[in-house]
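This report describes the surroundings of a bound ligand. Please look at the sequence and the structure before reading on.

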Amino acid sequence: MSSFDPADPLGIDDLLDPEDLAVRDTVRNWAADRVLPHVAEWYEKGELPGVRELARELGAMGALGMSLKGYGCAGASAVQYGLACLELEAADSGIRSLVSVQGSLAMYAIHRFGSEEQKQTWLPRMAAGEVIGCFGLTEPDHGSDPASMRTHAKRDGADWVLNGRKMWITNGSVAGVAVVWAQTEEGVRGFVVPTDSPGFSAPEITHKWSLRASVTSELVLDDVRLPGDAVLPEVTGLRGPLSCLTHARYGIVWGAMGAARSCFEAAVEYAKSREQFGRPIGGFQLTQAKLADMAVELHKGILLAHHLGRRMDAGRLRPEQVSFGKLNNVREAIDICRTARTILGANGISLEYPVMRHATNLESVLTYEGTVEMHQLVLGKALTGIDAFR
Ligand SMILES: Cc1cc2nc3c(=O)[nH]c(=O)nc-3n(C[C@H](O)[C@H](O)[C@H](O)COP(=O)(O)OP(=O)(O)OC[C@H]3O[C@@H](n4cnc5c(N)ncnc54)[C@H](O)[C@@H]3O)c2cc1C
């Protein structure tokens, strides 16, 4: 029988094939080299310097639009994409957000609902990280209920004219292209908006205490005139943005466990070396109970992510199952990070350790891509058949 591995107590690695492990190691090594040495400083300053260079490196690694096929995308499996999300978020949720928004929201929308011309124009450059994309759904007054959005697009001759405001948009002010959802006479439609279009601006949102190493912006659309073929032709209605969100939420199911793993590892290391009352704090039963509970939830969460990944690869993953995973894994990840914070005592609040950074990042992850309550309502509806959203 193989020996017990504290880093993989359930033997989940046995479920991965050599290609999966190679993807995981490549992304882990990249993050160790390019993100971890700097991220505390970026976080403290509230900036993501060199984001364009990072995007190009992520593109060269095949991490952008990773599970999409063709158009310069890597065509990786859903499990491999998930492993990449986990490794990126083990470094920082901001880097994983950059990749999720690029690949699972902006590129996915164009790949799934775009015209051939839109795909050829944008996807290869986005896969290479030469163009950064953003995804504008949320508005200042409409978050959980996007059906009430006010941003609208009106036809004017052959053109479309867009007006409105989007809020909390990841990558907004560094994006070269924005996928913007707007009301039209036919229902909600998606528009591919080059960010140099006259009337478009993306002021950056500052004073954030979470996801500080991530660009978050408003999008202002003031009579933005677009050609008739700027609309995503293959979808009308909220089904469009919601299916993109399902894809991105799937990545979060994995990613949250990366943040949790980082905090768990920091807590174990600290517990083994920090002495109080003449012995390592890891030798006290109360600390061991915390570590055992953290390990149980961490590896259950990774197992759940892997299960959902297999279902996605088999084309059998339902949105309700993604809600199940997002609800559980982000909630448990926050709990793991907060418990790790207690084990590190006062050092737990210092940026010298990753714990508080991950814990505060996860507050955003808990809210974006559907709040806890939205996923509870999705599951509640699936379990009872009764819609309790309104
Ligand atoms: C850092 C960051 C990055 C983001 N990036 C993006 C992005 O790239 N693109 C994008 O479009 N959006 C993005 N968002 C926005 C995010 O998706 C929204 O914040 C989220 O959907 C919640 O909307 P809201 O903040 O308006 O909260 P609200 O919808 O106002 O909700 C406030 C509270 O009320 C609860 N609530 C609402 N309705 C109900 C109900 N029916 N029953 C019970 N409780 C309810 C919610 O669960 C929540 O607890 C980002 C957010 C953050 C913080």
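## The ligand and its shell

Sorted by class, the residues of the shell around the ligand are 9 nonpolar, 7 polar and 2 charged. The model is predicted. Altogether 18 residues surround the ligand, and those that come nearest are Thr138, Ser144, Trp168, Thr371 and Glu373.

Three elements, namely strand S3 (159-170), helix H10 (355-367) and helix H11 (372-384), each supply at least two residues of this shell. Shell residues come from both domain 2 (133-230) and domain 3 (239-384), so the ligand lies between these domains. The site of the ligand is the largest pocket.

The table gives polar contacts between the protein and the ligand.

| Residue | Protein atom | Ligand atom | Distance |
|---|---|---|---|
| Trp168 | backbone N or O | nitrogen | 2.7 Å |
| Thr371 | side-chain N or O | oxygen | 2.7 Å |
| Phe389 | backbone N or O | nitrogen | 3.0 Å |

The ligand taken alone exposes 980 Å², and 67% of that is buried by the protein. Of the residues in the table, Trp168 and Thr371 are also among those that come nearest to the ligand.

Notes:
Residues numbered from 1 in each chain as written. Predicted model: local features only at pLDDT ≥ 70, side-chain atom pairs only at ≥ 80, totals over all residues. Heavy atoms only, no water. Near = heavy atom within 4 Å. Polar contact = N/O pair within 3.5 Å; in protein donor to acceptor, adjacent residues only side chain to side chain. Areas by Shrake-Rupley, 256 points an atom, 1.4 Å probe, with all protein chains shown as cover. 1 Å grid on protein atoms, 1.4 Å probe; cavity = no way out; pocket = protein on both sides within 12 Å on 5 of 7 lines; lining within 4 Å. Sits in = over half its atoms within 2 Å of the grid points. Helix = DSSP H or I, 4+ residues; strand = E, 2+ residues; numbered from the N terminus. Nonpolar A, V, L, I, M, F, W, Y, C, P; charged D, E, K, R; others polar. Domains from an automatic or database assignment.
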